[in-house]
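Here are some notes for a colleague who is opening this entry for the first time. Please keep the sequence and the structure in view while reading.

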Amino acid sequence: MTRILVVEDDPAIADTIATALGREGWEVSLAGLLAQARTLAGSSCDAVVLDVGLPDGSGLDLCLELRAASSVPILFLSSRADEIDRIVGLEIGADDYLTKPFSPRELVARLRALLRRAGPVQRPAGGFAVDAAAQRIRWRGRTLDLTRQEYRLLAALCEHRGAVLSRTRLLDLAWDDPAGPYDRAVDATVRDLRVKLRAIDADADPIRTVRGEGYALEDA
């Protein structure tokens with residue numbers, strides 16, 4: 001699965017980017033702070049969209065750190081349009097530089113070009129992207145309208161993607177007081193999640209029921 005790390009502190013811009021990239025079937029990880037971006041960058045990603053000005057530091061510093069450790073494609077997306085800013089960004093290791101305001105279609109096209117040069121791109125049918133800071137989950141480029149409990153259960157399934165989680169395990173992971181609810185609370189929450197997922201794709205059912213065992217999230 002092609003995973004794009006987007007480091008952008010403006011929620012509206014981050015949402016626009018995530019929607020555009022999600023339509024490509026790419027999995028999007030969002031970070032609004034350098035500290036969060038460093039954590040997410042520690043796992044595998046295929047490209048990075050990076051803002052320069054962030055609340056807790058400069059994207060230029062993260063670019064230097066990433067480039068010292070890997071050759072992952074980096075595209076700066078910044079409101080700084082001066083020639084010197086573009087030159088600095090490219091000279092410290094970025095592969096491309098796009099200024100705001102920007103066209104989402106152009107951003108996607110530039111990322112496609114970077115990914116082609118970096119190697120083959122896998123195009124899955126879709127994917128989940130969890131934004132823990134904002135307590136949001138996107139699926140196939142769209143933000144799911146989730147209750148707190150639905151978010152926590154789906155986030156737990158995403159974290160253990162592909163693994164079969166028992167109802168007891170899901171109660172432990174997703175409920176504040178797992179001794180309170182019954183197993184049926186998990187079933188009811190999964191049922192409600194399926195309704196919301198099918199509103200996006202009526203034929204899809206990424207949450208697999210394993211009879212007698214529990215539930216598993218498929219990569220769909």
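The numbered points below go through the sheets, the helices, the cores and two single sites of what is a predicted model.

1. The five-stranded sheet. One sheet is open and has five strands, paired in parallel, in the order β2-β1-β3-β6-β7. Its edges are formed by β2 (27-31) and β7 (96-99); each of these has a single partner strand, so one side of each has no neighbour in the sheet. From one strand to the next, the twist averages 20 degrees.

2. A pair inside that sheet. Strand β3, residues 47-50, pairs with strand β6, residues 74-78, in the parallel sense, and three bridges connect them. To find the pairing on screen, start at Val 48, which stands opposite Ile 74 in β6. In general, strands of a sheet pair through backbone hydrogen bonds, in a parallel or an antiparallel way.

3. Helices on the five-stranded sheet. Helix α1, residues 11-22, packs on the sheet and touches β1 (3-7), β2 and β6. The direction of α1 makes about 165 degrees with that of β2. Helix α4, residues 83-91, lies across β6 and β7 and runs at about 150 degrees to β7. Strand β6 is thus named in the contacts of α1 and again under α4.

4. The cis peptide bond. Lys 100 and Pro 101 are joined by a cis peptide bond, with omega at about -5 degrees. Where does Pro 101 lie? Pro 101 is in the loop between β7 and α5 (104-118).

5. The three-stranded sheet. Another open sheet has three strands in the order β8-β9-β10, and here the pairing is antiparallel. β8 (128-131) and β10 (142-143) are its edge strands; each has a single partner strand, so one side of each is left without a neighbour in the sheet. Strand β9, residues 136-139, pairs with β10 over two bridges in the antiparallel sense. In this pair, Trp 139 stands opposite Arg 142 in β10.

6. Helices α6 and α8. Helix α6 (residues 148-159) packs against helix α8 (residues 183-200) at an angle of about 90 degrees, and their axes are 10 Å apart. The two helices therefore count as roughly perpendicular to each other. On the α6 side, the contact is made by Gln 149, Glu 150, Leu 153 and Leu 154. These meet Val 186, Thr 189, Val 190, Asp 192, Leu 193 and Lys 196 in α8. By type, the residues of this contact divide into five nonpolar, two polar and three charged.

7. The nonpolar cores. The largest nonpolar core has 25 residues, and Phe 128 and Leu 154 are the ones with the most contacts inside it. At least two residues of this core come from each of β9, α6, α7 (167-174), α8 and β12 (214-217). Which element gives the largest share? The largest share comes from α6, with seven residues. A second core, separate from this one, has 22 residues, among them Leu 30, Leu 77, Phe 102 and Leu 107.

8. Asp 187. This residue lies in helix α8. Is Asp 187 buried or exposed? The relative accessibility of Asp 187 is 13%, and buried means under 20%, so Asp 187 counts as buried. With neighbours within four places in sequence left aside, Asp 187 is in contact with Arg 167 and Tyr 215.

Technical notes: Residues numbered from 1 in each chain as written. Predicted model: local features only at pLDDT ≥ 70, side-chain atom pairs only at ≥ 80, totals over all residues. Heavy atoms only, no water. Pairing = 2+ DSSP bridges. Helix = DSSP H or I, 4+ residues; strand = E, 2+ residues; numbered from the N terminus. Axes fitted to C-alpha atoms, helices over the stretch in contact; angles between N-to-C directions. Contact = heavy atoms within 4.5 Å. Parallel < 35°, antiparallel > 145°, perpendicular 65-115°, else oblique. Nonpolar A, V, L, I, M, F, W, Y, C, P; charged D, E, K, R; others polar. Core = buried A, V, L, I, M, F, W, Y, C linked by side-chain atoms within 4.5 Å. Buried < 20%, exposed > 50% of the residue type's maximum accessible area, 1.4 Å probe, protein only.
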